[in-house]
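Trainee: Please pick one part of this protein and take me through it closely. I would like to see how the interior is packed.

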Amino acid sequence: MARRPVKAQPSTRKELKDTLWKAADKLRGSMSAAQYKDVVLGLIFLKYVSDAFNERREQITEELRADGYDDEAIAETLEDRDEYASGAFWVDPDARWDALVADAKVAGETTIGQRINEAMDLLMHDNPSLEGTLPRLFNRDNVDQRRLAELLDLLNSVQFSGMGAAKARDLLGEVYEYFLANFALSEGHRGGEFYTPASVVRVIVEVLQPRKGRVYDPCCGSGGMFVQAEKFLDAHDADPTNLSVYGQELNESTWRMAKMNLAIHGLNGDLGPHWGDTFAMPYHGDRQMDYVMANPPFNIKDWSRRESDPRWVYGVPPAKNANYAWMQHIISKLAPGGMAGVVMANGSMTSTSNGEGDIRAQFVENDLVAAMVALPDKLFRSTGIPACLWFFAKDKGAGRRGSVDRRGQVLFIDAREMGYMITRAQRGLKAEEIQRIADTFHAWRGMEQLSLATADVTVDDEDSVSASGTEYEDVPGFCKSVSIAEIKDAGYALTPGRYVGMAGAEEDDEPLDEKIARLTSELNEQLDETERLSRDLRSKLGALQ
């Protein structure tokens with residue numbers, strides 16, 4: 001009887017991150033961050049696919065052995081693709097990790113890079129959802145084949161198996177996001193184009209609560225918005241198929257990363273047939289979206305602009321800045337009850353140059369702006385430009401999106417004082433701060449509050465949304481509900497700090513005479529203590545002479 005395979009022990013999160021970052025360092029000296037990012041992330045994906053496939057093989061083996069099948073029948077069944085229809089990708093024998101590692105250890109006419117390319121081709125051929133997704137750059141001249149072989153050997157110690165498919169996928173997703181964040185840091189501004197800080201994404205997702213319908217990102221980067229939406233559904237035990245994912249991405253490498261990211265998280269998304277420019281060739285036709293979540297590149301000057309574009313309903317955006325082009329494209333994609341959350345540079349809230357002020361006035365007068373959130377600085381690794389969040393809504397009346405009629409009003413939230421320093425250069429938002437922003441918006445709209453802190457709430461039926469029971473109140477220095485008339489009087493400036501005012505000072509009901517007496521007594525005690533310490537110091541100095 002053949003020996004039963006020994007189950008691999010799952011790696012801890014710390015072990016995975018440490019090992020995989022060492023793996024990246026193996027190639028750091030021989031190629032740019034942009035190149036080794038694709039190499040390492042592609043190999044991580046390949047290792048996960050093989051581990052998940054092997055775990056499924058072990059499950060099949062145990063099930064068949066329990067049913068009395070002999071080794072020959074088991075071996076035959078293990079190569080039946082139908083047995084892997086759910087829970088794992090089919091991996092051809094020539095694409096399996098063990099085979100690649102074995103080939104890397106022997107010299108031959110075919111380089112290991114070419115073998116990995118062939119493995120990627122086999123995976124894409126056998127699994128249609130991966131078609132056009134996986135990188136094929138492992139045999140290029142600038143890829144050191146010796147280091148690549150060492151990298152395979154190092155990754156061989158990492159295990160994504162032994163814990164069940166769901167947990168393994170969660171672990172891989174965490175590692176993938178960790179790498180995206182670190183590659184964004186190492187690539188500087190360019191890296192930031194494909195990665196939005198998780199805390200910023202969570203603010204958008206927690207405010208919008210995308211629970212069913214179509215969700216869209218016109219500049220989806222590595223797909224972080226979609227992944228966070230899936231996590232929101234998972235936190236509330238909702239069916240992830242409630243959301244249909246649509247996106248578009250201009251950069252080829254980033255588009256591939258997004259496709260892999262969605263596959264890693266078990267999401268079926270339509271990111272178009274290939275990468276492409278949202279302004280020049282928008283995918284998804286006239287399909288309307290229930291939610292749009294986006295972090296467009298700030299202030300881009302070179303973009304595909306046509307003055308006759310039907311998306312410019314509220315004014316033609318300037319040729320040298322695409323901020324208002326992104327926002328009008330997003331508004332054009334919203335269904336009648338749709339909502340959107342968009343990251344923008346702070347200048348978008350006040351700019352009046354080249355007609356931007358007039359377009360912003362049209363947004364306000366057409367009652368499209370639901371809320372504005374000023375963010376703290378240093379949230380983005382890739383840019384020092386201060387950022388804000390725009391929230392758009394096609395319908396602010398009382399209904400399934402909220403029980404409070406907010407037509408003719410805009411909610412302003414000033415979150416600039418929030419956050420904590422992760423490093424000397426980067427800030428993050430705490431979970432309770434994200435929840436406070438989301439809960440403030442939900443109370444303002446009369447929405448059921450379904451933040452992660454209340455993950456036991458069922459969210460299967462969007463039409464059942466009702467008021468949370470928490471009434472909204474303006475909070476000086478933090479939030480205020482402002483009428484369109486007041487915004488017009490302010491020249492349509494949408495900076496939250498202009499409206500929320502200063503935080504109120506704490507009330508002091510101590511009588512003045514008593515306060516003076518208390519402070520005088522405390523001061524005298526401190527002076528006496530200072531005099532005592534001075535005498536002790538002189539005494540000790542004298543003893544040293």
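Mentor: Start with one term: two residues are in contact when heavy atoms of theirs lie within 4.5 Å. Keep in mind that this is a predicted model.

First, the setting. The protein chain has 545 residues, and 50% of them are buried. Its secondary structure comes to 17 helices and eleven strands. Now look at contacts between residues with a separation of 6 or more. Of these, 72% join residues that are 24 or more positions apart.

Now go inside. The largest nonpolar core holds 53 residues. Leu-389 and Phe-441 have the most contacts within this core. Helix H9, residues 198–208, gives the largest share: seven residues.

Let us stay with Phe-441. What does Phe-441 touch, once residues up to four places away in sequence are set aside? The list is Val-207, Met-339, Ala-370, Ala-371, Leu-411 and Met-447. Two of these names lead to strand E6, residues 369–374: Ala-370 and Ala-371. Val-207 leads to H9.

Follow that last link. Phe-441 belongs to helix H14, which spans residues 431–445. H9 and H14 pack with their axes 9 Å apart, at an angle of about 30°. Angles under 35 degrees count as roughly parallel, and H9 and H14 are therefore roughly parallel to each other. The crossing of H9 past H14 is right-handed.

Who makes the contact? From H9 come Ser-199, Arg-202, Val-203, Glu-206 and Val-207. Look at the spacing of those numbers. An α-helix has 3.6 residues a turn, so residues three or four places apart point the same way. From H14 come Ala-431, Ile-434, Ile-437, Ala-438, Phe-441 and His-442. Sorted by class, this contact has seven nonpolar, two polar and two charged residues.

Next, move to helix H13, residues 356–365. Is this helix mostly covered or mostly open? Mostly covered: seven of its ten residues are buried. They are Glu-356, Gly-357, Ile-359, Arg-360, Ala-361, Phe-363 and Val-364. Note that the list includes Glu-356 and Arg-360, and both Glu and Arg count as charged. The buried residues of H13 pack against two helices, H12 (323–333) and H15 (484–489). They also pack against two strands, E6 (369–374) and E7 (387–393). Leu-389, met above as a residue with the most contacts in the core, falls within the span of E7.

Some backbone turns sit around these elements. Most residues other than glycine have a negative phi. Three residues here go the other way. Just after H13, Asp-367 has a positive phi of about 60°. Lys-378 is not a glycine either, yet its phi is about 65° and positive. Lys-378 sits in the loop between E6 and E7. Its relative accessibility is 42%, so Lys-378 counts as partly exposed. Tyr-492 also has a positive phi, near 65°. Tyr-492 lies in the loop between H15 and helix H16 (496–500). Is Tyr-492 buried or exposed? The cut-off for buried is under 20% relative accessible area. Tyr-492 has 15%, so it is buried.

Back to the core, and one step beyond it. The core with Leu-389 and Phe-441 has 53 residues. Apart from it lies another core, of 45 residues. Ile-116, Ala-149, Leu-151 and Ile-264 are among its members.

Two of those members mark a helix pair. Helix H5 (residues 112–126) and helix H6 (residues 145–155) have axes 9 Å apart and pack at an angle of about 55°. That angle makes H5 oblique to H6. Ile-112, Gly-113 and Ile-116 in H5 meet Gln-145, Leu-148, Ala-149 and Leu-152 in H6. This contact has five nonpolar residues, two polar ones and no charged residues.

One more stop in H5. Asn-117 is placed in this helix. With 5% relative accessibility, Asn-117 counts as buried. Beyond its neighbours up to four places away in sequence, Asn-117 touches Arg-136, Leu-137, Phe-138 and Asn-139.

Conventions
Residues numbered from 1 in each chain as written. Predicted model: local features only at pLDDT ≥ 70, side-chain atom pairs only at ≥ 80, totals over all residues. Heavy atoms only, no water. Buried < 20%, exposed > 50% of the residue type's maximum accessible area, 1.4 Å probe, protein only. Helix = DSSP H or I, 4+ residues; strand = E, 2+ residues; numbered from the N terminus. Core = buried A, V, L, I, M, F, W, Y, C linked by side-chain atoms within 4.5 Å. Axes fitted to C-alpha atoms, helices over the stretch in contact; angles between N-to-C directions. Parallel < 35°, antiparallel > 145°, perpendicular 65-115°, else oblique. Left-handed = near helix turned anticlockwise from the far one by under 90°.
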